[in-house]
Amino acid sequence: EFSEGRGKLRIVFKNDVLVGELGAEESIWHMMVSSKLNSCTISIPNPLGDSDSINLSVKLARNTKNNVALINGTPYISSDIKISAQIKSATQASTSGNSNYYSKENIKLIEDSCNEYLKKTINDYLYKTAKEYNCDIDSFGKYAVKYFTTIQDWQDYNWLDNFQNSTFNVNVETTIKSGNTFL
């Protein structure tokens with residue numbers, strides 16, 4: 001169970017017991033995976049090298065497609081996330097002063113950097129909730145229940161005991177939308 005906390009921290013419960021807390025970014029990853037993200041700003045590594053990072057305003061381009069397969073009884077969970085983003089700023093002044101962030105080549109580099117960053121951090125978040133907290137706060141169980149013909153079969157499988165052994169595959173596809181001038 002996921003409960004919204006004060007400020008930017010979210011708390012995670014399992015059977016009414018506090019099992020952990022999620023930081024601000026992990027809360028964003030939760031909202032991305034569960035298709036609840038409206039929009040937010042994230043910082044990703046800048047592949048152009050003229051600043052440490054780039055701030056992107058992101059939103060889901062469509063609802064996240066989650067799927068669960070059972071392979072030898074173990075959950076294999078995939079999340080396909082499509083992001084629409086706009087460049088907001090770089091964290092430090094550009095050393096060259098004339099980078100064209102909206103050239104086709106640079107847009108591709110920024111999209112790839114965003115994809116790589118989100119894939120890694122969302123995977124880290126999912127493994128943390130499964131292995132550390134053993135808590136299915138993203139409700140993947142609703143995708144697994146189709147493999148069981150009776151309620152008793154589902155109960156005998158004991159989703160949460162098996163969820164902690166899950167393998168995750170996250171795919172992220174980012175599309176940079178122009179329209180805002182890079183500052």
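**View 1. Asn158 lies in the loop between helix H4 (151-157) and H5.** Helices (H or I, at least four residues) and strands (E, at least two) are DSSP runs, numbered from the N terminus. This is a predicted model, in which local features need pLDDT of at least 70, side-chain atom pairs count only at pLDDT 80 or more, and totals for chains, interfaces and linings use all residues. Residues are numbered from 1 along each chain as its sequence is written, and side-chain values use heavy atoms, with hydrogens and water left out. Look at the backbone of Asn158: phi is positive, about 55°, although this residue is not a glycine. Is Asn158 buried, partly exposed or exposed? Asn158 has 34% relative accessibility, so it counts as partly exposed. The cut-offs are these: buried means under 20% relative accessible area, exposed means over 50%, and partly exposed is in between (1.4 Å probe, protein chains only).

**View 2. Asn134 is a second loop residue with a positive phi, near 45°.** Asn134 is also not a glycine. Its loop runs between H2 and helix H3 (141-144). Asn134 comes just after H2. With a relative accessible area of 10%, Asn134 is buried.

**View 3. Helix H2 covers residues 104-132.** H2 has 29 residues. From its first C-alpha to its last, H2 reaches 41 Å, close to the expected 42 Å. That expected span is 1.5 Å times one less than the number of residues.

**View 4. Ile122 lies in helix H2.** How accessible is Ile122? At 0% relative accessibility, Ile122 counts as buried. Leave aside the neighbours within four places in sequence, and Ile122 is in contact with Trp29, Met32, Val33, Ile81 and Val170. Contact means heavy atoms within 4.5 Å. Now compare sequence with space. Ile122 and Val172 are 50 residues apart in sequence, yet their C-alpha atoms are 9.5 Å apart.

**View 5. The largest nonpolar core has 42 residues.** A nonpolar core is a set of buried Ala, Val, Leu, Ile, Met, Phe, Trp, Tyr and Cys residues joined through side-chain atoms within 4.5 Å. Which residues have the most contacts inside this core? They are Met32, Ile42, Leu56 and Leu118. The elements that give two or more residues to the core are helix H1 (24-33), strand E4 (40-45), strand E5 (53-60), strand E7 (74-90), H2, helix H5 (159-163) and strand E8 (167-176). H2 gives the most, with 9 residues. Zoom in on Met32. Not counting residues up to four places away in sequence, Met32 touches Leu37, Val58, Leu60, Thr64, Ile83, Leu118 and Ile122.

**View 6. Helix H1 is mostly covered.** Of its 10 residues, 7 are buried. These buried residues are Glu26, Ser27, Ile28, Trp29, His30, Met32 and Val33. After H1 comes Ser35, with a positive phi near 60°.

**View 7. Ring pairs build an aromatic cluster.** Its members are Tyr127, Phe140, Phe148, Trp154, Tyr157, Trp159, Phe163 and Phe168. A pair of aromatic rings is described by the distance of the centres and the angle of the planes. Rings of Phe, Tyr and Trp (its six-membered ring) pair if their centres lie within 6.5 Å; planes under 30 degrees apart count as stacked, over 60 as edge-to-face and the rest as tilted. How many aromatic pairs does this rule give? The count is 10. One of them joins Phe148 and Trp154 edge-to-face, with 5.3 Å between centres and 70° between planes. Phe148 is buried at 17% relative accessibility, while Trp154 is partly exposed at 22%. Phe163 and Phe168 also pair edge-to-face, 6.2 Å centre to centre and 80° between the planes. Both Phe163 and Phe168 are buried.

**View 8. The whole structure has 0 disulfides.** A disulfide is a covalent bond between the sulfur atoms of two cysteines. The search asks for a pair of cysteine sulfur atoms within 2.5 Å. Why does Cys40 form no such bond? The closest cysteine sulfur, in Cys114, is 9.9 Å away from that of Cys40, which is too far. Cys40 is buried, at 16% relative accessible area. Cys135 is buried too, at 4%.

**View 9. Confidence varies along the chain.** The score is pLDDT, the predictor's confidence in each residue, from 0 to 100. Its mean for the protein chain is 85, and 80% of residues reach 70 or more. Over residues 1-8, pLDDT stays under 50, and the model has 21 contacts beyond four places in sequence for them. Over residues 92-98, pLDDT also stays under 50, with 8 such contacts.
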